[in-house]
Amino acid sequence: MIHDSVLINDWHVIARSTDIVEGQPLRARLLGEDLVLWRCGEKVMVWQDLCIHRGSRLSLGKINGGTLECPYHGWTYNTEGQCVRIPAHPDQTPPAKARVLTFRSVERYGWVWVTFGDPQHDIPHFPEWEDQSFQKIFCGPYHFKAAAPRAIENFLDVAHFPFVHEGFLGERTHPEIPDYEVVTDANGITAKDITIWQPNPDGTGIGKPVTYTYHIWRPLTVYFVKKAQQQFAIYFIVTPVDEIGCIGWMCMVMNYAYDIPYDELRAFQDTVAGQDIPIVESQRPEKLPLDLQAELHLRSDKTSIAYRKWLNELGLTFGTS
Ligand code: FES
Ligand SMILES: [Fe+2]
């Protein structure tokens with residue numbers, strides 16, 4: 001198990017709720033640990049993907065009436081992770097220590113969240129989730145061969161829009177970033193009123209400046225809102241799979257554009273992510289350097305400077321250098 005107490009004691013998304021279907025174990029990976037997920041009614045189990053008998057993968061096993069059976073010798077575990085049956089010894093009660101390593105999990109905002117530790121913070125609030133006037137569009141999972149903080153920093157970085165997302169989120173004829181405000185407090189970081197030029201911000205085909213606000217609630221959970229007459233927001237989470245490997249999950253909410261098909265809205269984000277991924281994967285060093293002397297930073301990098309300082313203060317080590 002890794003030693004990053006910040007990420008161990010935080011909530012992480014490992015799947016969409018709809019990914020875990022009754023009767024079918026699912027495999028996931030978090031912080032270098034292989035996991036098996038399975039559902040029994042309302043309950044979702046998240047366990048180490050390792051049978052304590054001979055270490056085979058439980059995710060290859062079978063779900064039968066509220067138990068998970070190991071594929072190798074049929075040891076059978078109940079929803080608490082306790083072994084209740086050892087087929088080679090049918091008359092024997094399995095020893096109490098015959099149990100798998102289980103983790104706390106919860107389903108919220110359409111995702112399955114898990115923690116390896118004891119979080120001091122609840123899962124960050126999703127302001128529009130209960131509001132029926134907003135449509136919710138789930139995008140991703142987006143797989144990056146990159147450190148999780150690199151993927152978050154990319155999401156916070158607006159100066160790349162005119163180049164990486166030219167014609168989508170920016171125009172190279174309008175690359176300037178006016179100064180904006182960044183505040184770090186007990187709730188994380190807020191980067192407010194970032195003005196950028198977009199070629200088609202409201203679907204009319206007319207380019208104009210728009211204003212972005214980012215809230216970095218947790219090291220790997222970010223909320224972004226673009227306010228105009230209409231409101232557009234994104235709740236973005238990155239799963240730290242390994243030190244150099246992560247998955248981005250996104251839920252876009254908008255109180256307009258109901259006439260545009262879901263798949264089309266999703267395809268737009270797929271295109272944007274497809275433009276970002278090769279750039280983020282190309283970044284060196286692979287781990288995000290928290291030493292501000294290690295790179296050049298300018299005023300337009302204010303948000304990422306604050307992010308690095310904050311991660312440093314929190315003591316985050318996984319995926320950083
Ligand atoms: S390895 Fe799981 S039952 Fe033997
Ligand atoms: Fe991008």
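A residue counts as partly exposed when the number of other C-beta atoms within 10 Å of its own falls between the limits for exposed, 12 or fewer, and buried, 20 or more. In this predicted model, alanine 257 has 15 other C-beta atoms within 10 Å and is therefore partly exposed. Alanine 257 is found in the loop that connects β17 (245–254) with α4. Its phi is near 60°, a positive value in a residue other than glycine.

A positive phi is also assigned to aspartate 193, with a value near 55°; this residue, too, is not glycine. Aspartate 193 belongs to strand β13, which spans residues 188–198. Because 12 C-beta neighbours lie inside 10 Å, aspartate 193 is classed as exposed; the limit for that class is 12 or fewer.

Two cis peptide bonds are described next. The bond from glycine 140 to proline 141 is cis, and its omega is near 0°. Proline 141 is part of strand β11, residues 135–144. Arginine 284 and proline 285 are likewise joined by a cis peptide bond, with omega about 0°. In this case the proline is located in a loop, between α4 (262–282) and α5.

Helix α5, which covers residues 302–314, packs against helix α2, residues 148–156; the two axes come within 9 Å and cross at roughly 150°. Angles over 145 degrees count as roughly antiparallel, and α2 and α5 are therefore assigned to that class. The handedness of the crossing of α2 and α5 is right-handed. On the α2 side, the contact is made by Pro149, Glu153 and Leu156, while α5 contributes Thr303, Ser304, Tyr307 and Leu311. By residue class, the contact of α2 with α5 consists of four nonpolar residues, two polar residues and one charged residue.

An open sheet is formed by four strands with antiparallel pairing, and their order is β5-β6-β7-β8. The edges of this sheet are β5 (62–64) and β8 (83–85), each of which pairs on one side only. Strand β7, comprising residues 76–77, runs antiparallel to the edge strand β8 and is joined to β8 by two bridges. Across this pair of strands, tyrosine 77 stands opposite cysteine 83 of β8.

Note on methods: Residues numbered from 1 in each chain as written. Chains lettered and ligands numbered in written order. Predicted model: local features only at pLDDT ≥ 70, side-chain atom pairs only at ≥ 80, totals over all residues. Axes fitted to C-alpha atoms, helices over the stretch in contact; angles between N-to-C directions. Parallel < 35°, antiparallel > 145°, perpendicular 65-115°, else oblique. Left-handed = near helix turned anticlockwise from the far one by under 90°. Contact = placed C-beta atoms within 7 Å. Nonpolar A, V, L, I, M, F, W, Y, C, P; charged D, E, K, R; others polar. Pairing = 2+ DSSP bridges.
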